[in-house]
Amino acid sequence: MGLFSFFKKKAKPVPPITEAEAIPMPTLPIKPVRRGTTASIQIEVDASNISLIQSKYIAFDVETTGLDASRDRIIEIGAILFVDGKPVKTFSSLVNPDMNIPASATSINHITNAMVASAPSEQELYPEFVEFLGSAIGGDVIMCAHNARFDFNFLCNTLSRLGYDANFRYVDTLNLSRKHIKGLPNYKQSSLEHFFGLVNDDAHRAASDAENCGKILYQVLNRVVFTPEPIHQFETDDKNFKKGYSYWSRGEEARLNGEIEEALKLFDKARNIGYKYPAIYESYAKAFRKLKDYENEIAILEEAIKFNGDHAADRFGDRIARAKELLLAQQEKEKEIQRKELDKAKKAEERQRREELKKSSPKQQTSRPVIQYSDDGTIIKEYESVASASKEIGISSKCIRDAASGKQKHAGGFCWRYSTCEAAQEEVLS
């Protein structure tokens, strides 16, 4: 068959492939990217929900690359579960944001790009975090944060991007404190920590800030809502409250500068007009500890518990126990010093008694007369002492004593003998 005939020849029809003969082709699962529906709502504390909130809540805080929740990313999460005011469970982790952390953010939270380089990504971390949140996802457990809108905007935006559905209910401790605590110069979390006597050793890190936020919420709820009295007795006299706060603030500055006595005077002024909050008692205790005045430290902390209740007992209980240990050690040391001083005084008294007895006793003769003889027994001269004989005739005192005591026959060619008839004794004086 010619080449052109081959091309002109019609191809035979190919019978269709039956379903049994068909080879199944692999299909790739197509999973559409889903945005979740995540929302949060701030709730007001009232008689209908106070019991629920106080019994169980999650305190929450985030550190971020910036202030824009839609553009910036969370780089650290801290969440603390509180039950009856006690932190019982913690979730804390850095997050790799897959973007650069600006120097302006690092200057605040001290989190660097190197720190998050090996941290889990959002996709790796958030399933674990959602599990930790549990029923808080649906709003059954209340959450709290300080200036909470910022934190929850970031949380909701992140969860929505990752496809989670959630409805959070939260209390903002910033708004709650502004409503119930009057007279503070500002309501930053650090100011409220000072007010309530809380220590934050790792400020601007998520877990530490979250834990203190939870403690602030509990104290406000416990003292404001459950008692008819306002959180401070100066609710109707802000001038007096501000005066007390000013005394305490100046005193705390003096204490930090090492001016302990001045600090105590200012604390006393604040306390005398009724400023009796955990912060001032904490300052008192630190000042007394610096002075090693453990008795006053114990007394002032016991007063703190009297005026501030169980939460102050939780706060200051360990410190009181330690102050008592230090006081006991101090007392034992003082007793030892007193014992040594008493022994020293007794020894000095005994020495004085011996000196006085020695002075009052008649002096005993310390030297004896000695007689100089010739070999035939003729007395040549009697001297009042060996020393005087030695000086006069130029013979050593030792030779004269040895001759007088019979150790040798002559001394300087002469015989010698003590003038008494008693047994010869060694001369004491030279």
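## Aromatic pairs

A search of the whole structure, which is a predicted model, finds 16 aromatic pairs. One of them joins Phe-60 and Phe-129, whose ring centres lie 6.0 Å apart with 25° between the planes, a stacked arrangement. This pair links distant parts of the chain: Phe-60 belongs to strand S2 (residues 56-64) and Phe-129 to helix H5 (residues 122-133), with the two positions 69 residues apart in the sense that they are 69 residues apart. Phe-60 has 1% relative accessibility and therefore counts as buried, the cut-off being under 20%. Phe-129, at 0%, counts as buried as well.

Tyr-284 and Phe-288 form another pair, with ring centres 6.0 Å apart; their planes meet at 10°, under the 30 degrees that separates stacked from tilted, so the pair is stacked. Both residues lie in helix H12 (residues 278-291), where they are 4 residues apart, about one turn of the helix. Tyr-284 and Phe-288 are both buried.

## Ring cluster and a charge over a ring

Phe-60 and Phe-129 also belong to a cluster linked by ring pairs. The other members of this cluster are Phe-91, Tyr-126, Phe-132, Phe-152, Phe-168 and Tyr-170.

Elsewhere, a ring is paired with a charge: the charged end of Arg-368 sits over the ring of Tyr-418, at 4.5 Å from the ring centre.

## Packing of H12 and H13

Helix H12, which holds the pair Tyr-284 and Phe-288, packs with helix H13 (residues 294-308) at an angle of about 170°, and the two axes are 8 Å apart. An angle over 145 degrees counts as roughly antiparallel, and H12 and H13 are therefore roughly antiparallel to each other.

On the H12 side, the contact is made by Pro-278, Tyr-281, Tyr-284, Ala-285, Phe-288 and Arg-289. Tyr-284 and Phe-288 thus appear both in the stacked pair and in this contact. H13 contributes Tyr-294, Asn-296, Glu-297, Ile-300, Leu-301, Glu-303, Ala-304, Phe-307 and Asn-308. Sorted by class, the contact has 10 nonpolar, 2 polar and 3 charged residues. Arg-289 of H12 and Glu-297 and Glu-303 of H13 are the charged ones.

## Surroundings of Ser-93

Ser-93 is located in strand S4 (residues 86-94). With 15% relative accessibility, under the 20% limit, Ser-93 counts as buried. Leaving aside residues up to four places away in sequence, Ser-93 touches Ile-75, Glu-76, Ile-77, Pro-120 and Leu-125.

Definitions and conventions
Residues are numbered from 1 along each chain as its sequence is written. This is a predicted model: local features need pLDDT of at least 70, side-chain atom pairs count only at pLDDT 80 or more; totals for chains, interfaces and linings use all residues. Side-chain values use heavy atoms; hydrogens and water are left out. Rings of Phe, Tyr and Trp (its six-membered ring) pair if their centres lie within 6.5 Å; planes under 30 degrees apart count as stacked, over 60 as edge-to-face and the rest as tilted. Buried means under 20% relative accessible area, exposed over 50%, partly exposed in between (1.4 Å probe, protein chains only). A charge sits over a ring if NZ of Lys or CZ of Arg is within 6 Å of the ring centre and within 35 degrees of the ring normal. Axes are lines fitted to C-alpha atoms, for helices over the stretch in contact, and angles run from 0 to 180 degrees between N-to-C directions. Angles under 35 degrees count as roughly parallel, over 145 as roughly antiparallel, 65 to 115 as roughly perpendicular and the rest as oblique. Contact means heavy atoms within 4.5 Å.
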